[in-house]
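The exercises below are meant to be worked through with the sequence and the coordinates open side by side. Try each task before reading the solution that follows.

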Amino acid sequence: MEKRLLGKAGLEVSALGLGCMGYGEAADRGAMISLIRGAAERGVTFFDTAEAYGPFRNEEVVGEALEPFRGEVVIATKFGWDIDPETGVHKGGVNSRPAQIKRAVEGMLKRLRVDCIDLLYQHRVDPDVPMEDVAGTVRDLIREGKARHFGLSEAGVGSIRRAHAVQPVSALQSEYSLWTRDPEQDVIPLLEELGIGFVPFSPLGKGFLTGKIDENTKFDSSDFRNRVPRFSEDARRANQLLVDRLREIADRKGASSAQIALAWLLARKPWIVPIPGTRKLERLDENLGALSLRLEEGEIEEISQASSSFKVEGDRYPEEFMKLSGR
Ligand SMILES: NC(=O)c1ccc[n+]([C@@H]2O[C@H](COP(=O)([O-])OP(=O)(O)OC[C@H]3O[C@@H](n4cnc5c(N)ncnc54)[C@H](OP(=O)(O)O)[C@@H]3O)[C@@H](O)[C@H]2O)c1
């Protein structure tokens, strides 16, 4: 499996990771454990979870699944929502106060069944806590041997610079895909300048870019996509044109739309590592197939053009979540 380096401190991971979050009803524990182990057996060495997923069920499942692979895989998790570290109750909003981070990390170590967290991200920037204090807390945790690498998620350029000045950031995880190209404006150039790796989340557009979702798709009531403007029925109908265009290109290449979406991201920079999520082994195999799909310069340009000339209908998050990004 191709490997890539994130940041300058030697964090090496498989070129595609596995997003373990999942949408809607939590997957059956046993099935999720087999899927995660199946990914590790196929050579995936990068697994993404967060304290907030579940809370804390997803970290527990990831910890159990990867226990036999300890030392061979990189587990990334995230702190930063205002979650009671004991009960898992999400009080709403963000909380990156140093005491909260330290308590969160103690819980993560237990749930993930590790002595040290390979990659510790702040999930969203907390405007009430100076970034220097957040980075300083993570720096202390790294010195104590409780974390190895520092990451940020959906942070704006000012926050990235401030954090990196205190504790070098190995990776930024933000939404980036053929229908969310915002990071190209100023975030990706900054990451290049500072030597920070990029981990695109929702690289398949939360499933939409694969062509398996249309205006008639019904999500279960707990599925977050019910609240995403880009997934309203009208938006899905309008956005279908982009998916149709991607499918044409995919058909010509003898590939799937998911593979085109991932191969395009992989071709952008050698320090980009997408983390598509799936609960199905056959889709995991399909997604990993993107690593052997070689796109010619002209094809990359054609895909970029198809995406940039399309006006996507609907925001990528509900309004209250949009406000938490880019700070
Ligand atoms: N930092 C953050 O704030 C943040 C936010 C969102 C996500 N994330 C992370 O990023 C990971 C991935 O993002 P995501 O789950 O939002 O979106 P995604 O990877 O773009 O898409 C996942 C969806 O696509 C479907 N899918 C996957 N492969 C497919 C294929 N080959 N064909 C058809 N459908 C396919 C999955 O369904 P099935 O499961 O049914 O296969 C799932 O519903 C998450 O697991 C999480 O770890 C982080």
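**Exercise 1: Contacts of the ligand**

In this predicted model, a backbone N or O atom of Gly 205 lies 3.3 Å from an oxygen atom of the ligand. Find which other backbone N or O atom lies 2.7 Å from an oxygen atom of the ligand, and which polar side-chain atom lies 2.9 Å from a nitrogen atom of the ligand.

*Solution.* Begin with the backbone, where the atom at 2.7 Å from a ligand oxygen belongs to Leu 204. Turn next to the side chains, where a polar atom of Gln 173 is found 2.9 Å from a ligand nitrogen. As for the burial of the ligand, it exposes 900 Å² when taken alone, and the protein buries 94% of that area.

**Exercise 2: The shell around the ligand**

Determine how many residues surround the ligand, how they divide by character, and which helix contributes the largest share.

*Solution.* The shell holds 32 residues, with Tyr 23, Asp 48, Leu 204, Thr 278 and Lys 280 as the closest. Sorting the shell by residue character gives 11 nonpolar, 11 polar and 10 charged residues. Assigning the residues to elements then shows that helix α9 (residues 281-288) supplies the largest share, namely three residues.

**Exercise 3: A hairpin**

Establish in which sense strands β1 and β2 pair, and which residue between them takes a positive phi.

*Solution.* Strand β1 (residues 3-6) and strand β2 (residues 11-14) are paired in the antiparallel sense over four bridges, with Lys 3 standing opposite Ser 14 in β2. The hairpin has four residues between its strands, and Gly 7 takes a positive phi near 75°.

Definitions and conventions. Residues numbered from 1 in each chain as written. Predicted model: local features only at pLDDT ≥ 70, side-chain atom pairs only at ≥ 80, totals over all residues. Heavy atoms only, no water. Near = heavy atom within 4 Å. Polar contact = N/O pair within 3.5 Å; in protein donor to acceptor, adjacent residues only side chain to side chain. Areas by Shrake-Rupley, 256 points an atom, 1.4 Å probe, with all protein chains shown as cover. Helix = DSSP H or I, 4+ residues; strand = E, 2+ residues; numbered from the N terminus. Nonpolar A, V, L, I, M, F, W, Y, C, P; charged D, E, K, R; others polar. Pairing = 2+ DSSP bridges.
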